[in-house]
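Subject: Structure for you to look at, with notes

Dear colleague,

I am passing on the structure we spoke about, together with my notes on it. Please open it before you read further, and keep it beside the text as you go.

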Amino acid sequence: MSAEPQAGAAPLLSLRGVRKSFGAGADRKVVLDGVDLDVTAGSCVVVVGSSGSGKSTLLRVVDLLEDVDDGQVLLDGEDVADPWVDADAVRARLAMVFQQYNLFPHLRVLDNVTLAPRVVHGLGRADAEEAAMAMLERVGLADKARAYPDQLSGGQQQRAAIARALVNGPELLLLDEVTSALDPELVGEVLDLLLSLRTEGVGGRPTTMLVATHEMGFARDVADEVVFLHDGRVHERGTPAQVLGDPRRERTREFLRRLR
Ligand code: ADP
Ligand code: MG
């Protein structure tokens with residue numbers, strides 16, 4: 001990938017021994033069983049694994065939508081899993097895009113994108129709209145600013161959701177299966193946008209990403225590192241060529257075989 005993480009640079013995000021389970025007693029299910037993971041500023045880490053392997057839980061832990069049972073979630077060295085941390089301040093540095101675009105249906109596309117700058121960053125309407133229009137232009141949707149979400153295709157709605165995620169200039173973009181709900185012919189436009197965010201970024205700064213996806217071709221194109229999650233652990237990690245092209249472990253090979 002174009003943006004090589006700086007050798008020796010402290011990671012923007014570090015997970016250390018993160019554990020998370022759901023339920024109690026006999027129903028207790030360990031989903032994350034000691035996960036270690038680093039994302040260096042400017043890089044892209046792609047998490048793959050079977051359905052139910054904990055990819056969404058991992059992203060939700062980072063976005064503080066789930067608390068952890070044990071371990072650390074370090075953002076710039078600060079443990080944001082600490083219950084005393086100001087969660088809103090942390091979330092203002094991150095942005096998450098979901099499988100279902102989650103646009104507000106009663107708001108025009110432009111108003112969906114201006115909401116966070118106005119509410120979270122206290123921008124006035126004019127400034128927020130200027131920032132939102134610039135971001136809609138970036139994702140190729142300037143002409144849809146006045147439309148309502150249901151007047152857009154699924155691919156356009158997801159691009160609008162990405163514009164909304166990026167408008168506050170997050171340091172880390174979390175993407176959870178953002179193409180899984182799309183008709184196959186609409187997947188390409190979203191992946192192309194994400195690829196251009198990796199290479200050109202926004203304002204010349206490549207977007208740092210932590211991505212969960214089933215799109216192995218996309219993982220190959222954008223990832224600096226691929227992480228295979230299995231049984232609540234990082235079972236294998238490495239470059240896309242290594243993990244996806246020449247996996248060392250049998251579980252990884254089996255996972256990739258089943259995708260074909
Ligand atoms: P993935 O995104 O890889 O498909 P998830 O993180 O969504 O996996 O889920 C991992 C496991 O955790 C699944 O077995 C799922 O049913 C369970 N799980 C996720 N969220 C909850 C929850 N809020 N309550 C109970 N179980 C959950
Ligand atoms: Mg998921």
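The notes below go through the structure part by part.

Please bear in mind throughout that this is a predicted model.

I begin with the ligand. The shell around ligand 1 consists of Phe-22, Lys-29, Val-31, Gly-49, Ser-51, Gly-52, Ser-53, Gly-54, Lys-55, Ser-56 and Thr-57. Sorted by character, these residues comprise two nonpolar, seven polar and two charged. Two elements, strand E2 (29-39) and helix H1 (55-62), each contribute at least two residues to this shell, and the largest share, three residues, is supplied by H1.

Strand E2 leads on to the antiparallel sheet. This is an open sheet of four strands in the order E2-E1-E4-E5, paired in the antiparallel sense. Because E2 and E5 stand at the edges and have a single partner strand each, one side of each of them is left without a neighbour in the sheet. Between strand E1 (residues 13-22) and E2, which run antiparallel, there are eight bridges, and within this pairing Leu-15 is placed opposite Leu-37 in E2. The hairpin that E1 and E2 form has six residues between the strands, and in it Gly-23 adopts a positive phi near 80 degrees. E1 also pairs with E4, again in the antiparallel sense, over five bridges; here the bridge partner of Arg-16 is Gln-72 in E4.

Two residues that are not glycines deserve a look for their backbone angles. The first topic is Leu-64, whose phi is positive, near 60 degrees, and which sits in the loop between H1 and strand E4 (70-75). Leu-64 has 18 other C-beta atoms within 10 Å and is therefore partly exposed, given that a buried residue would need 20 or more and an exposed one would have 12 or fewer. The other is Asp-76, with a positive phi of about 55 degrees, located in the loop between E4 and strand E5 (78-79). Asp-76 is likewise counted as partly exposed, because it has 13 C-beta neighbours inside 10 Å.

What does Val-61 touch, leaving aside residues up to four places away in sequence? Its contacts are Val-18, Lys-20, Glu-66, Val-68 and Val-73. Val-61 belongs to helix H1, and it is buried, since 24 other C-beta atoms lie within 10 Å. Val-61 and Val-80 are 19 residues apart along the chain, and their C-alpha atoms are separated by 9.8 Å.

I turn next to the parallel strands. Strand E7 (residues 172-176) is largely enclosed by the rest of the structure, because four of its five residues are buried. With strand E6 (residues 94-97), E7 pairs in the parallel sense over four bridges, and Leu-94 has Leu-172 in E7 as its bridge partner. E7 is also joined by four bridges to strand E8 (residues 209-212), and these two run parallel; in this pairing Leu-173 has Met-209 in E8 as its bridge partner. Together, E7, helix H6 (residues 184-199) and E8 make up a right-handed β-α-β unit.

Helix H5 (residues 154-166) is the last element in these notes. At 1.5 Å a residue, its 13 residues should span 18 Å, and since its end C-alpha atoms are 18 Å apart, the expected and modelled values agree. H5 is largely enclosed by the rest of the structure, because 12 of its 13 residues are buried. Among the buried residues of H5 are Gln-156, Gln-157, Gln-158, Arg-159 and Arg-164, as well as Ala-160, Ile-162 and Leu-166. The elements against which the buried residues of H5 pack are E6, helix H3 (109-119), helix H4 (125-138), E7 and H6.

With best wishes

Terms used
Residues numbered from 1 in each chain as written. Chains lettered and ligands numbered in written order. Predicted model: local features only at pLDDT ≥ 70, side-chain atom pairs only at ≥ 80, totals over all residues. Near = placed C-beta within 6 Å. Nonpolar A, V, L, I, M, F, W, Y, C, P; charged D, E, K, R; others polar. Pairing = 2+ DSSP bridges. Right-handed = clockwise from strand over helix to strand, strands pointing away. Expected span 1.5 Å × (residues − 1). Contact = placed C-beta atoms within 7 Å.
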